[in-house]
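Student: I would like to go through the terms used for this model and see what each one rests on.

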Amino acid sequence: MSEVKKIATREGYGAALVELGNEVDNIVVLDADLAAATKTGVFQKAFPERHIDCGIAEANMMSVAAGLALSGKVPFVSSFAMFAAGRAFEQIRNSIGYPHLNVKIGASHAGISVGEDGASHQCNEDIALMRVIPGMTVINPSDYVEAKAAVKAAYHMDGPVYLRFGRLAVPIINERPDYQFEIGKGVTLRDGKDLTIVATGLCVSEALGAAEKLAADGIDARVINIHTIKPLDDELIIKAAKETGLLVTVEEHSVIGGLGAAVAGVLCEKCPTKLRRIGMNDIFGESGPALKLLEKYGLSAQGIYDNIKTYMKEE
């Protein structure tokens, strides 16, 4: 059996920016002294005149991006999620969100898979912060292929977009001829009738692994990839709820304010259904190897499987 190809979603961000740079001349990329880590360095090398290193001044960088957007440019602003969504929240809210400017925020190194950098850098709150800003689109791609598609889709839509990328290399699951990316539309990767696993980001590939383990026990799990958390694909969520009953959300993010909260809101209002949420349970992360942390916090395929087995015993 051939080894599964793994590439970090941040690599897809850098690659897509270069491809866009070759196609259009109004894209500008800003970074906060992290071009090597966020992978915008490849754009900097290809188009040095369209790359601005703002230094370790993320709040100012957001304001610069706002000005560029007002001048007709399409700025992609890059930093670690902790600094992009956290440190610069006020500027994003007031200078980008409030006037609904055409700024795209590329936030890398999100979630506990940052690993050894520890809790101070493991941003598990960014989706919640960005979801609450009116008019902000929030996208969390599952692999390299989807990351590239998401960046290009973000460029072609008008308005602010938050794009979440990871440090850890993850399996490529969307490399197929029929793959299509559409903002706001989830993707059913595996059909099933007994329950639905709704996952986002790197947890999508882990959810597929969990579904395989459940199948060995005779449990038929549907798996849905929600790459766009806002706007959420309400129709797909409700369809799954009606057809499979129990829904389980999985995210490398706090269960407060993220994917689980978004799905819960839809179900409560439109289709009351049993829901379980797997994620960071109101705790900070810790320093350690990324894969070990995913295992410890129940976000690996085995952890998702174990949690679901427990939930189903409680039914």
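The exchange below takes a helix pair and then a strand.

Tutor: Keep in mind that this is a predicted model.

Student: Why are α9 and α13 called oblique to each other?

Tutor: The axes of α9 (residues 203-216) and α13 (residues 301-314) cross at roughly 55°. Angles under 35 degrees count as roughly parallel and 65 to 115 as roughly perpendicular. The crossing falls in neither class, and the two helices are therefore oblique. Their axes come within 7 Å, and the crossing is right-handed.

Student: Which residues of α9 and α13 meet?

Tutor: From α9 there are C203, E206, A207, G209, A210, K213 and L214. They meet A301, Q302, I304, Y305, I308 and K309 of α13. By class, the contact holds eight nonpolar, two polar and three charged residues.

Student: What makes β11 largely enclosed by the rest of the structure?

Tutor: Buried means under 20% relative accessible area. Five of the five residues of β11 (residues 221-225) are buried, so the strand is largely enclosed. A221, V223 and N225 point one way, R222 and I224 the other way, and all are buried.

Student: How do you know that β9 and β10 pair with β11?

Tutor: Pairing needs at least two bridges between the strands. Three bridges join β9 (residues 187-190) to β11, and five bridges join β10 (residues 195-199) to β11. Both counts meet the cut-off, so both strands pair with β11.

Student: In which sense does each run, parallel or antiparallel?

Tutor: β9 and β11 run antiparallel, with T188 opposite I224. β10 and β11 pair in the parallel sense, and there I197 has V223 as its bridge partner.

Methods: Residues numbered from 1 in each chain as written. Predicted model: local features only at pLDDT ≥ 70, side-chain atom pairs only at ≥ 80, totals over all residues. Heavy atoms only, no water. Axes fitted to C-alpha atoms, helices over the stretch in contact; angles between N-to-C directions. Helix = DSSP H or I, 4+ residues; strand = E, 2+ residues; numbered from the N terminus. Parallel < 35°, antiparallel > 145°, perpendicular 65-115°, else oblique. Left-handed = near helix turned anticlockwise from the far one by under 90°. Contact = heavy atoms within 4.5 Å. Nonpolar A, V, L, I, M, F, W, Y, C, P; charged D, E, K, R; others polar. Buried < 20%, exposed > 50% of the residue type's maximum accessible area, 1.4 Å probe, protein only.
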